[in-house]
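Me: I'd like a close look at a single part of this model, one helix and whatever packs around it. Here is the structure.

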Amino acid sequence: MKKYMNLAAIALVISTVVPVVSAAETANFTAAQQTRIGEIAADYLVAHPEILLEVSKQLQARQSEMQRSARVNAALKGHRLLMQLENIPVKGPVDSGVIVTEFFDYECSACSMMAPVMEKVMAANPDVRFAFRDWTIFATRFPESAQASRRGLQIFRKLGADAYMKYHNGIYGTGHNEGRLTGDDIKKAANAAGAQEVSTGENELADRIIEANDSLAEMLGLTGTPGIIVMPSESATAANTTVLPGVVSEAVMQSAIERARGK
């Protein structure tokens with residue numbers, strides 16, 4: 001590591017905390033002056049390492065904000081597709097002004113943690129429409145991921161939203177995920193929801209739905225499950241749209257819903 005930093009690097013570090021010197025302005029200094037300033041700055045940073053810690057925090061904050069902004073912009077671009085809910089399990093009024101979309105996998109442990117939170121949020125917001133998009137990212141490792149999703153989609157089409165939610169929460173209620181979900185778990189959850197017969201003939205439609213969800217998740221820039229998007233059904237903007245990549249609290253979910261309501 002060089003003992004002294006060049007002036008452009010110093011300007012970058014300093015400007016992160018106090019934006020007073022631009023890289024272009026450093027060209028006005030002679031080589032000797034740049035060397036001396038570098039020496040002074042390097043010695044100062046060694047004596048005050050807390051500045052580097054503050055710089056690191058601010059850089060992380062900037063990166064987090066850039067990532068948040070990119071996710072929201074992607075959701076806004078995908079708004080029309082997110083509002084297309086044919087064959088997608090939904091719960092809540094058709095004319096709801098707010099749509100909450102969750103991309104999930106039944107083998108996902110984080111999704112299992114999120115399920116009871118989502119259940120409470122749904123109970124507290126009966127005027128909000130919730131959409132559940134199967135995104136079977138674990139299916140290549142655990143075939144029960146796709147099996148559980150196919151069964152859930154069949155239950156929604158045949159028995160409706162209430163039966164689907166009983167099945168959905170029943171799967172997560174087993175506590176079996178990350179390869180521990182079994183065919184017997186799926187059968188018991190389906191039976192408890194009132195579904196007795198298995199229709200393998202509908203698997204092709206279910207697979208097309210799952211494939212479309214996968215393409216949409218990729219377009220939205222989601223990197224894992226759960227991926228939750230809260231936005232108005234109409235007139236969505238960066239100010240009223242929230243993308244939550246991962247497990248969050250009930251309070252965070254409620255705050256996102258209120259934001260989508262325009263409050």
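Which exposed residues does the face of H8 turned away from its buried side carry? Please go on from there to the surroundings of the helix.

Reply: Keep in mind that this is a predicted model. The face you ask about carries Lys 187 and Lys 188, both exposed.

Now for the other side of the helix. H8 runs over residues 183–192, and its buried residues are Asp 185, Ile 186, Ala 189 and Ala 190. Around the axis they cover an arc of only 130 degrees, so they sit on the same side of H8. The cover over these buried residues includes helix H6 (144–159) and H7. Just past the end of H8 there is a backbone detail to look at: Gly 194 takes a positive phi of about 100 degrees.

A good way into the packing is Tyr 167. Leaving out residues up to four places away in sequence, Tyr 167 touches Ile 186, Ala 189, Ala 190 and Ala 193, and also Tyr 106, Ala 148, Arg 151, Gly 152 and Ile 155. Three of the buried residues of H8, namely Ile 186, Ala 189 and Ala 190, are thus on the contact list of this tyrosine.

Tyr 167 also belongs to the largest nonpolar core, which has 49 residues; together with Val 100, Tyr 106, Phe 130 and Met 253, Tyr 167 touches the most other members. The element that gives the most to this core is helix H5 (residues 109–124), with 8 residues. Another core, of 12 residues, lies apart from it, and includes Ala 75, Leu 82, Phe 103 and Leu 220.

Then there are the rings. Tyr 167 is part of one aromatic cluster with Phe 104, Tyr 106, Phe 132, Phe 156, Tyr 164 and Tyr 172. The count for the model comes to 8 aromatic pairs. One of them is Tyr 106 with Tyr 172, a tilted pair at 5.4 Å centre to centre, with 45 degrees between the planes. Tyr 106 is in the loop between strand E2 (98–104) and H5, while Tyr 172 is in helix H7 (residues 161–173), so this pair ties together parts that are 66 residues apart in sequence. Both partners are buried: Tyr 106 has a relative accessible area of 0%, and Tyr 172 has 7%.

Phe 156 and Tyr 164 make an edge-to-face pair, because their planes are at 80 degrees, with the ring centres 6.0 Å apart. Phe 156 counts as buried at 16% relative accessibility, and Tyr 164 is buried as well, at 1%.

Back to H6, one of the helices covering H8, for a residue that isn't buried. Arg 150 is in H6 and is partly exposed, with a relative accessible area of 24%. Not counting neighbours within four places in sequence, Arg 150 is in contact with Asn 203, Ala 206 and Asp 207. From Arg 150 to Glu 202 is 8.1 Å, C-alpha to C-alpha, although 52 residues separate them in sequence.

So, in short, H8 has Lys 187 and Lys 188 on its exposed face, and the cover on its buried side includes H6 and H7.

Definitions and conventions:
Residues numbered from 1 in each chain as written. Predicted model: local features only at pLDDT ≥ 70, side-chain atom pairs only at ≥ 80, totals over all residues. Heavy atoms only, no water. Core = buried A, V, L, I, M, F, W, Y, C linked by side-chain atoms within 4.5 Å. Buried < 20%, exposed > 50% of the residue type's maximum accessible area, 1.4 Å probe, protein only. Helix = DSSP H or I, 4+ residues; strand = E, 2+ residues; numbered from the N terminus. Contact = heavy atoms within 4.5 Å. Phe/Tyr/Trp six-rings, centres within 6.5 Å; stacked < 30°, edge-to-face > 60°. Arc of directions from axis to C-beta.
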